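Open your viewer, load the model and keep the selection tool handy. We will hop from one selection to the next, and I will tell you what to look for at each stop.

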Amino acid sequence: MADKVELWRWTESRWTNPDMDWKGKLITSGIDVGSVSSQAVILADGELYAYSNMRTGSNSPDSAMNAINWAMEDTGLKLDDITYTVGTGYGRVNVPFAQKPITEIACHARGANAIYGNTVRTVLDMGGQDCKAIHCDERGKVTNFLMNDKCAAGTGRGMEVFADLLGVSINEVGDLSLNVEEEPDPVSSTCVVYAKTEATGLLREGWPTNKVLAAYCSAMAHRIITLLERIGVEEDFAITGGIAKNVGVVQRLEKEVGIKILRTEYDTQLAGALGGALFAKVLHEKGK
Amino acid sequence: MIANYGYKDGSGDYFIAIDTDRCNGCGDCVTACPYGVMGVGPDENDPLSDDEVAFVTEAERKKIKYTCAPCKPMADRPPLPCIAACPLDAIEHSW
């Protein structure tokens, strides 16, 4: 029997800045242990030096260790060389080597400010298991926030379920969903379980895969808009987290909100860990 | 900062919004709430600030629809204890 391909499995990655030498610099790090993915970001004197992005296992402390070890791979860095570490995400209190845990709300605002620039006022973090709408000022300080973690609709995990159901790699969902002649009605937007049932029905009716994906991406965009309505959207508007990589959701959201969403070359999943590492630097300098 | 604690589910929006710029961390809401929904401590979403502010306790954030229900009868609704206790009008309920 052929090996079963796990279609929901997104690409893990790591990166080191080849032009930078960390020796003699202040090393700080941020570890974002989320429900689905874990990231480690290492800064040298406040500048991005290395990162890793991988799946979270069943054990948060192990996931944190794996993430930081992968980020430090081949750099010659050891855990002892890191002066200050901030833990964030769902597993933030389970990062054994962190000096301080900080909420992902604060870290994502700070990280988005660094990734997208200080003009960002609305940050939508679309993570694996929850969705957060955040307003922040020019320093990346939170001014208003709202979180929804009681519902899987509008989360990365929901998208993984659909990728699996339709036999499409999670990395291709966005592009495929845009490849439709006419935008179909969205599927049920309040529950992933029911949305999946509905999608199975649509497939039985003979809908092509990309049309079903379009209906789901559109449902997700709708779902998020109802959340955004509570706090409103101010320009500039940016998205962090894994769903920011899904053009199918991003473009539909952009169309419905009527505001341009900022794009970036950065890995959007890094925002939380990057914010954590930036806080780590400030906290160390303040002696906290 | 407006801190919206709570959630949205199939039945509606359940959020307690605390204006941390108004809140001075006096803790009157904590003593006023009969069900331990409110707490006071460092602002976890503003790690660089030393001020203490009110928040909705972690254990209650996902069930305030039910915990707050006894204070919200359908008819003759009295002022909510937390809102009435706040001298700075820093608390709002969305439902």
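Start by selecting α2 (104-116) of chain A, a helix that lies across β7 (122-126), β8, β9 and β10 of chain A. Measured against β8(A), α2(A) runs at about 65°; axes here are lines fitted to C-alpha atoms, for helices over the stretch in contact, and angles run from 0 to 180 degrees between N-to-C directions. Contact means that the C-beta atoms of two residues, placed from the backbone, lie within 7 Å. Helices (H or I, at least four residues) and strands (E, at least two) are DSSP runs, numbered from the N terminus.

A word on what you are viewing: this is a predicted model, in which local features need pLDDT of at least 70, side-chain atom pairs count only at pLDDT 80 or more, and totals for chains, interfaces and linings use all residues. Residues are numbered from 1 along each chain as its sequence is written, while chains are lettered from A and ligands numbered from 1 in the order in which they are written.

Next, select β8 (residues 131-136) of chain A together with β9(A): the two pair in the antiparallel sense over six bridges, where pairing requires at least two DSSP bridges between the strands. Zoom in on Ile134(A), whose bridge partner in β9(A) is Phe145(A).

Now add chain B. Which strand of chain B pairs with β9(A)? That is β1 (residues 2-9), joined to β9(A) in the parallel sense over three bridges. Pick Asn144(A) and you will find Ile2(B) of β1(B) opposite.

Widen the selection to the whole open sheet, seven strands in the order β10(A)-β7(A)-β8(A)-β9(A)-β1(B)-β2(B)-β5(B), with mixed pairing. Its edge strands, each paired on one side only, are β10 (237-240) of chain A and β5 (91-93) of chain B. On average, neighbouring strands of this sheet are turned by 15° against each other, direction ignored.

Then colour the interface: 18 residues of chain A are in contact with 15 residues of chain B. On the chain A side, β9(A) gives the largest share, six residues.

Finally, show chain A alone, with its eight helices and 10 strands. Its C-alpha atoms fill a box of roughly 65 × 50 × 35 Å along the principal axes. Buried residues (20 or more other C-beta atoms within 10 Å of their own, C-beta atoms being placed from the backbone) make up 52% of the 288 residues in chain A.

Note on methods. Buried ≥ 20, exposed ≤ 12 C-beta atoms within 10 Å, placed from the backbone.
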